[in-house]
Amino acid sequence: MLNRNELIESNVRLVHSCCKRFVGRGIEYDDIFQVGCIGLVKAADGFDDSRGLCFSTYAVPTIIGEIKRLFRDNGAIKVSRSLKELSMKVQKEKELLEKCGFEVTVSLLSERLNVPPEEIVEALDASRQVLSLTYENDDGVGEHQLPSESYENEICSRILIDDAISRLNNEEQEIIKLRYFSEKTQTESAQILGISQVQVSRKEKKALEKLRVYMK
């Protein structure tokens, strides 16, 4: 078990992974990163390895929580023009799929729009920012806050998956990407990698076992 300082130093990459999800929303990256580091420190201080959790599983939601607090404290989140445009495309596609009776998932939207899943999550999140409605009452002007559907869990999951895959060796990463992101068969993956199907099967099994440990 790593000590507190080792936990922090060896997981700074998680802060960068979380921060990237908030680029272009009105706050400088350095400021986001500093707050993310605060979240990492809090996670290191509050982590209890006796619960059987992987540190990254515990840390990512804590880091994201601190970053979101920064945006809340600074007012409405500003969304980049490109993200707004993607958000509109995603919403139109989502509505079309729902009308056609499909169960809409991030993976399906990603496939239909040819956009990485993490960008779909960001676009969905951007389209569901908290809405403010002003109203008049006896005390003057008040404000309702309408909470929106959150995709935070999907963002956390994606960050954890990316982090776990990055800890595999290069060949294992390539196999996982071919099999589970490009949806290639073991035979197709073997042809691309120049190895046998049996080798792909063995290496894939080993990589999946590692991922289970990393994401425990």
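Which residues of helix H10, residues 186-193, are buried? Let me start there, friends, and then widen the view. The answer is Gln-186, Ser-189 and Ala-190. Around the axis they span an arc of only 100°, which puts them on the same side of H10. As for what covers them, helix H9 (170-181) and helix H11 (197-214) are included. Just after H10 comes Gly-194, with a positive phi near 75°.

Before going on, please keep in mind that this is a predicted model. The average pLDDT of the protein is 80, and 82% of the residues score at least 70. Of the elements, H10 has the highest mean pLDDT, at 94, while strand E1, residues 131-137, has the lowest, at 40. So my opening helix and that strand sit at opposite ends of the confidence ranking. Across residues 129-150 the pLDDT stays under 50, and the model has 28 contacts beyond four places in sequence for this stretch. I'll leave that region there and turn to the rest.

Now the overall layout. The protein has 11 helices and 2 strands. Reading from the N terminus, the order is α-α-α-α-α-α-α-β-β-α-α-α-α, with the two strands following the seventh helix. Of the 216 residues, 36% are buried. If you take the contacts with a separation of 6 or more, 58% of them are between residues 24 or more positions apart.

On to the interior. In soluble globular proteins, nonpolar side chains tend to be buried together. Here, the largest nonpolar core has 26 residues, and those with the most contacts inside it are Cys-18, Ile-32, Phe-55, Val-60, Ile-63, Ile-64 and Ile-67. Which elements give two or more residues to this core? They are helix H1 (4-9), helix H2 (12-20), helix H3 (29-46), helix H4 (55-73) and helix H8 (152-166). H4 gives the most, with 8 residues. Apart from this core lies another one, of 11 residues, and Leu-86, Val-90, Ile-120 and Val-121 are among them.

Cys-18 brings me to H2, where the buried residues are Leu-14, Val-15, Cys-18 and Cys-19. Those four cover an arc of only 135° around the axis, which puts them on the same side of H2. So H2 and H10 can be looked at in the same way: each has its buried residues on one side.

Next, the aromatic rings, for those of you who like them. The count comes to 4 aromatic pairs. One of them is Phe-22 with Phe-71, a stacked pair at 5.6 Å centre to centre and with 25° between the planes. Phe-22 lies in the loop between H2 and H3 and Phe-71 in helix H4, so this pair ties together parts that are 49 residues apart in sequence. Both Phe-22 and Phe-71 are buried.

Another pair is Phe-47 with Phe-55, and this one is edge-to-face, at 5.2 Å centre to centre with 85° between the planes. Are these two rings buried or exposed? Phe-47 is buried, with a relative accessible area of 14%, and Phe-55 is buried too, at 7%. You will remember Phe-55 from the list of residues with the most contacts inside the largest core. Ring pairs also bring in Tyr-58, giving a cluster of Phe-47, Phe-55 and Tyr-58.

There is one more ring to show you, this time with a charge. The charged end of Arg-179 sits over the ring of Tyr-180, at 5.7 Å from its centre.

Last, a look at backbone angles. Where in the protein is Asn-114 found? It is in the loop between helix H6 (106-113) and helix H7 (117-126). Asn-114 has a positive phi of about 55° although it is not a glycine, and it is exposed, with a relative accessible area of 72%. Glu-183 also has a positive phi, near 55°, and is likewise a residue other than glycine. You will find Glu-183 in the loop between H9 and H10, and at 64% relative accessibility it counts as exposed. That brings us back to the start of H10, where I began. Thanks for listening, and I'm happy to take questions.

Key. Residues numbered from 1 in each chain as written. Heavy atoms only, no water. Core = buried A, V, L, I, M, F, W, Y, C linked by side-chain atoms within 4.5 Å. Buried < 20%, exposed > 50% of the residue type's maximum accessible area, 1.4 Å probe, protein only. Arc of directions from axis to C-beta. Contact = heavy atoms within 4.5 Å. Phe/Tyr/Trp six-rings, centres within 6.5 Å; stacked < 30°, edge-to-face > 60°. Lys NZ or Arg CZ within 6 Å of the ring centre and 35° of its normal. pLDDT = per-residue confidence, 0-100.
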